[in-house]
Amino acid sequence: MKEHNVSAYSLEGKVVFFATRNFHKFNEARHVLAEFKIATAMLSVEAIEIQNDSIENIAKASATDAFKKTGLPLIVEDDGLFIEALNGFPGPYSSYVYKTLGTKGILKLMEKIEKRDASFHSVVAFCSPKLNPKTFHGEIGGEITTQERGDHGFGFDPIFKPSNNSYCKTFAEMNTQRKNKFSHRAKALRGFAKWYKSVW
Ligand code: IMP
């Protein structure tokens, strides 16, 4: 299996395979990893997404599955939006909730709720022949807006406004570079990149 020659990629250490079918995630990731002089290759593989209470376990299971399918050392990334007034809902069920309720459904659920604090969490899981999946976590606090704002990004971006953001903008009102200054994904990826550069 020449195209899956793992040691060649490991020794090179300059290209990271990101198993995802979400181009927005890939685009954000490639900018972050470029800060560390790491190139990112998008690996369009359908990895299983288990139902679990922990996004860490979901990311680990997906990374293991994608690794089994491709034989390549790779990362996957899994996210959750945790809304305080809804006791952390949708959390690990964010993907399902996005597909069924969408951003409008979340706004409807939050209609009469004044306390709108929420956080976005990301787990990057790296899987290789040398070690069990290793994970990196990133988190950003913020709030759910009262209406959708902005055209950039994807998913819940139009209704999530990160805190520590003097621009008072939602993720969807930011370009990729600006979102990467704050985002859960960028934080998890920076943790991964620091570790990756130190050991690979
Ligand atoms: P997943 O882990 O990628 O499946 O993410 C769970 C859900 O959160 C999906 O519906 C995504 O569209 C959404 N999501 C993940 N990351 C982001 C983000 O950075 N901004 C907005 N929505 C996101």
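Here are three short exercises on salt bridges in this predicted model.

**Exercise 1.** Find what joins the side chains of Lys-25 and Asp-79, and say where each residue lies.

*Solution.* Start with the contact: the two side chains meet in a salt bridge, with N to O at 3.2 Å. That fits the cut-off of 4 Å. Next, place the partners: Lys-25 belongs to helix H2 (residues 23-34), while Asp-79 sits in strand S3 (residues 74-83). The pair links distant parts of the chain, 54 residues apart. Now check burial, which needs under 20% relative accessible area. Lys-25 has 12% relative accessibility, so this residue counts as buried. Asp-79, at 16%, is buried too.

**Exercise 2.** Work out which parts of the chain the salt bridge between Lys-179 and Glu-28 ties together.

*Solution.* First, look at the atoms: the closest N and O of Lys-179 and Glu-28 are 2.8 Å apart. Then find the elements: Lys-179 is in helix H6 (residues 176-182) and Glu-28 in helix H2, so the bridge ties together parts 151 residues apart in sequence. Both Lys-179 and Glu-28 are buried. Finally, follow the shared partners: salt bridges join Lys-25, Glu-28, Glu-77, Asp-79, Asp-157, Lys-179 and Arg-185 into one network.

**Exercise 3.** Decide whether Lys-108, which forms a salt bridge with Glu-111, is buried or exposed.

*Solution.* Begin with the pair: the closest N and O atoms of Lys-108 and Glu-111 lie 3.4 Å apart. Exposed means over 50% relative accessible area. Lys-108 has 54%, so this lysine is exposed. To round off, a search of the whole structure finds 16 salt bridges.

Key: Residues numbered from 1 in each chain as written. Predicted model: local features only at pLDDT ≥ 70, side-chain atom pairs only at ≥ 80, totals over all residues. Heavy atoms only, no water. Helix = DSSP H or I, 4+ residues; strand = E, 2+ residues; numbered from the N terminus. Buried < 20%, exposed > 50% of the residue type's maximum accessible area, 1.4 Å probe, protein only.
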